[in-house]
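Reader: I am new to this structure. Please take one part and look at it closely, then show me how the rest connects to it.

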Amino acid sequence: MQRIVLAEDMHMIRVALAALLELEPDMEVVAQVASGSEVVPAVIRTEADTAVLDIDMPGMDGITAAGLLRDQVPDCRTLILTGVALPGQLWRALDAQVSGFLPKHASPDELVEGVRRVGAGRRVIDPELAMSAWEIGDNPLTRREVEVLGLIAAGAETAQIATTTNLSVGTVRNYLTTIVNKLGARNRIDALRTAKENGWLP
């Protein structure tokens, strides 16, 4: 019996997914949670072998939760579900070593089979998204550059970023220049738009 933890912040969708999976004779939804921070405790408490995670949840997104599971409960396999599939999200998910990545608009049969295959130790990736990710390529930004750009997205000014990251103001400016150049952007706002459109920001 495949033991599943389901993480989705929208109650109606979570209940519908749970009902769909519970129809299968070889599946049991042992816990339902509404935020990424609840995933690891739920998996540990229920001894689940599979976690089905919405990518966008309050507090902690599904990919971050999947990374924590990889580190703390490595035997638990993860399947990410996303409403808006962006190529950069797939690269982030693969970096977190998720087992599957599917759009929410997949058919019920595709979702169920995806969960089953992930539980069996196989990898499941939406083919259209995989092709898009291949064409666009991986995120050209380093982790530090993503951190700096993420702070820009949150509205932080250069001095605030320097304080938060323990960098000098000059170093932050250098990072911003590098980010703009790497993304072929006109300015930091254009760079931010490009990174968001490709799913390169958490």
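Let us start with lysine 182. What is its relative accessible area, and is it buried, partly exposed or exposed?

Author: Bear in mind that this is a predicted model. Lysine 182 has a relative accessible area of 37%. Buried would need a value under 20%, and exposed a value over 50%. So lysine 182 falls in between and counts as partly exposed.

Now look at its partner. The side chain of lysine 182 meets the side chain of glutamate 145 in a salt bridge. From N to O, the distance is 2.9 Å. The cut-off for such a pair is 4 Å. Where do the partners sit? Glutamate 145 belongs to helix H7, residues 143–153. Lysine 182 belongs to helix H9, residues 169–182. The partners are 37 residues apart in sequence, so the pair ties separate parts of the chain together. Their surroundings are not alike. Glutamate 145 has a relative accessible area of 5%, so it is buried, whereas lysine 182 is partly exposed.

A general point helps here. Side chains of opposite charge can pair when their charged atoms come close.

Next, bring in proline 140. It lies in the loop between helix H6 (127–136) and H7. Leave aside residues up to four places away in sequence, and proline 140 touches Glu145, Lys182, Leu183 and Trp200. That list includes the acid and the base of the salt bridge just described. Proline 140 itself has a relative accessible area of 34%, so it is partly exposed. For a sense of scale, pick alanine 34. It is 106 residues from proline 140 in sequence. In space, C-alpha to C-alpha, they are 32 Å apart.

Stay with H7. Glutamate 145 is one of its buried residues, along with Val146, Val148, Leu149, Leu151 and Ile152. What do these residues pack against? They pack against helix H8 (158–165), H9 and helix H10 (188–197). So H9 meets H7 through this packing and also through the salt bridge of lysine 182, because that residue lies in H9. Just after H7 comes glycine 155, with a positive phi of about 95 degrees.

Positive phi also turns up at residues that are not glycine. Asparagine 166 is one of them, at about 60 degrees. It is found in the loop between H8 and H9. Its relative accessible area is 71%, so it is exposed. Glutamate 47 is another, with a phi of about 55 degrees. It sits in the loop between H2 and strand S3 (50–54). Glutamate 47 is exposed too, at 65% relative accessibility.

Now return to salt bridges. How many are there in the model? The count comes to 11. One of them joins glutamate 28 and arginine 3, with 3.7 Å from N to O. Glutamate 28 is in strand S2 (residues 27–33) and arginine 3 in strand S1 (residues 2–7). They are 25 residues apart, and the pair links distant parts of the chain. Glutamate 28 is partly exposed, at 32%. Arginine 3 is partly exposed as well, at 28%.

Another salt bridge pairs glutamate 8 with lysine 104. Their closest N and O atoms are 2.9 Å apart. Glutamate 8 lies in the loop between S1 and helix H1 (11–22). Lysine 104 lies in the loop between strand S5 (100–103) and helix H5 (108–119). The pair ties together parts that are 96 residues apart in sequence. Glutamate 8 is buried, at 1% relative accessibility. Lysine 104 has a value of 27%, so it counts as partly exposed.

Finally, a helix pair. Helix H2 spans residues 39–46 and helix H3 spans residues 62–72. Their axes come within 9 Å and cross at roughly 40 degrees. That angle is why H2 is oblique to H3. The crossing is right-handed. On the H2 side, Val39, Val40 and Val43 make the contact. On the H3 side, Ala65, Leu68, Leu69 and Gln72 do. By class, the contact has 6 nonpolar residues, 1 polar residue and no charged ones. Compare that with where we began: between H7 and H9, glutamate 145 and lysine 182 form a salt bridge.

Definitions and conventions
Residues are numbered from 1 along each chain as its sequence is written. This is a predicted model: local features need pLDDT of at least 70, side-chain atom pairs count only at pLDDT 80 or more; totals for chains, interfaces and linings use all residues. Side-chain values use heavy atoms; hydrogens and water are left out. Axes are lines fitted to C-alpha atoms, for helices over the stretch in contact, and angles run from 0 to 180 degrees between N-to-C directions. Helices (H or I, at least four residues) and strands (E, at least two) are DSSP runs, numbered from the N terminus. Angles under 35 degrees count as roughly parallel, over 145 as roughly antiparallel, 65 to 115 as roughly perpendicular and the rest as oblique. A crossing is left-handed if the near helix is turned anticlockwise from the far one by less than a right angle, and right-handed if clockwise. Contact means heavy atoms within 4.5 Å. Ala, Val, Leu, Ile, Met, Phe, Trp, Tyr, Cys and Pro count as nonpolar, Asp, Glu, Lys and Arg as charged, and the others, Gly among them, as polar. Buried means under 20% relative accessible area, exposed over 50%, partly exposed in between (1.4 Å probe, protein chains only).
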